[in-house]
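User: I should like to learn how to read strands and aromatic rings in a protein model. Could you please guide me through one example?

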Amino acid sequence: MKVGIIGTGYVGLPTGVGLAELGNEVTCIDREPKKIEALKAGKLTLYEDGLEELFHKNVKAGRIRFTTSMKEGVGNADLVIIAVGTPPHPVTKEADMKYIHAAATELAEYLNGYTVIATKSTVPVGTGDDVEALISKKNPFADFDVVSLPEFLREGFAVHDFFHPDRIVVGANTEKARNVIKELYKPFEGKTNMLFVKRRSSETIKYASNAFLAIKIHYINEMADFCEKTGADITEVAKGMGLDTRIGPRFLNPGPGYGGSCFPKDTMAMAYMARQNNVEMTLINAAIEGNLRRKKQMAERILDAVKEIENPKIAVLGLAFKDGTDDCRESPAMEIVGELINNKADVTAYDPKAMGTACFLLGDKINYADDMYSALKGADVLAVLTEWQEFRTLDLKKTAEIMRHKNIVDCRNLLDAEEAKQNGFVYRGIGR
């Protein structure tokens, strides 16, 4: 199948590489010339675990190519996937649809023969109708269908999730469009759940799923606070909860709050859509407000650990919003660092993959280390903010020798609390 993908970000690029690996002819389209030039030169523009090898393999095989030309990418396509950003509006926090609308309007004139247009970006309910109207207005003679094809790729695990989806949701209002998507995902037939629903239901499923997971994270963080006050251990409590099949163990890891490009944006967009439809969503609103407070509370814990020290130095491990990615959008770690900066703290940070992204965002407001131990040298407190596996291997004996004061604020419960105490650290985790 010939597939055009508009957008080469954290959704578009892994999706394009994945579809190419399945044997499709994929053309990725992006309006940023520098990004396309880099991809053509064989340079990935983002980090995703396992993506680089498949990227080079399929570029070499000629199954994936890159262009800034909408005509080149759309003209002969059987399927066009829109995977552009829908960032939150700065005031209302609703999903900003200007990139979706621009893509739909521009692609319309290049449609040639029957084409399925799939919105893979997370979009408000009714977007499929809007895209359909925009294309028809620009090209009244176009033969096309619009479907909703929400993505469920976890950042850091996008390649794995593409090839091992737990479900494929398709919002298609015609049998002809359904058959095209069935053909696209034929390699997964019998291996996963494929759910065909109304287009508006499909658009709602992504928001409903992400909002639910955000609420689950907020809930376990509140339970962690309760455990700290009562002497219970949140790791034990979460394990006991997770054994209940109605609850399940995932997203029961307490920490500094949810972040990334999806949960903050999607919860705010869902809340906005609810207000527009006069529906009260108290749980989502509570999660949003609680998550904002969470980052401030974590920063206060770090500052409290060094309140008696003059001109304290803070070592931060982790800047990406989660492990496995270099994405710092809405990263709890970055927001915590921002709070520390606002309090005039001297911060040195290290992240295995996100140093370039963080430096672009923070500039010279903090110091950057080449490795974990360089960040820790002479520090008065260690703050663990992202759950990179590398940080689990931290030699606490060596750490105790190179830090000036022995304080640890482990916002991810990555380190061994008993071992830290044995090496003289004042250790504070989450919910313990």
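Analyst: The turns below treat strands first and rings afterwards. This is a predicted model, in which local features need pLDDT of at least 70, side-chain atom pairs count only at pLDDT 80 or more, and totals for chains, interfaces and linings use all residues. Residues are numbered from 1 along each chain as its sequence is written, and side-chain values use heavy atoms, with hydrogens and water left out.

User: Are the residues on the two faces of strand S13 buried or exposed?

Analyst: Buried means under 20% relative accessible area, exposed over 50%, and partly exposed in between, with a 1.4 Å probe and protein chains only. Strands (E, at least two residues) and helices (H or I, at least four) are DSSP runs numbered from the N terminus. In S13, residues 407-410, both faces are covered: Asn407 and Val409 are buried on one side, Ile408 and Asp410 on the other.

User: Which strands are joined to S13 by bridges?

Analyst: Two strands pair if DSSP finds at least two bridges between them. Strand S12 (residues 381-384) runs parallel to S13 and is joined to it by 3 bridges; here Val384 has Asp410 as its bridge partner. Strand S14 (residues 426-428) is also parallel to S13, again with 3 bridges, and its Tyr427 stands opposite Ile408. Between S13 and S14 the chain passes through helix H18 (residues 417-422) in a right-handed β-α-β crossover; that is, with the strands pointing away from the viewer, the path from the first strand over the helix to the second runs clockwise.

User: How many aromatic pairs does the whole structure hold?

Analyst: Rings of Phe, Tyr and Trp (its six-membered ring) pair if their centres lie within 6.5 Å; planes under 30 degrees apart count as stacked, over 60 as edge-to-face and the rest as tilted. The search finds 7 aromatic pairs. Phe162 and Phe163 are edge-to-face, 5.0 Å centre to centre with 80° between the planes. Phe162 is buried at 8%, whereas Phe163 is partly exposed at 23%.

User: Why is the pair of Phe251 and Phe263 tilted?

Analyst: The pair is tilted because its planes stand at 40°, with the centres 6.1 Å apart. Phe251 lies in the loop between helices H10 and H11, and Phe263 in H11, 12 residues apart.

User: Where does the charged end of Arg154 sit?

Analyst: A charge sits over a ring if NZ of Lys or CZ of Arg is within 6 Å of the ring centre and within 35 degrees of the ring normal. The charged end of Arg154 is over the ring of Phe157, 4.5 Å from its centre.
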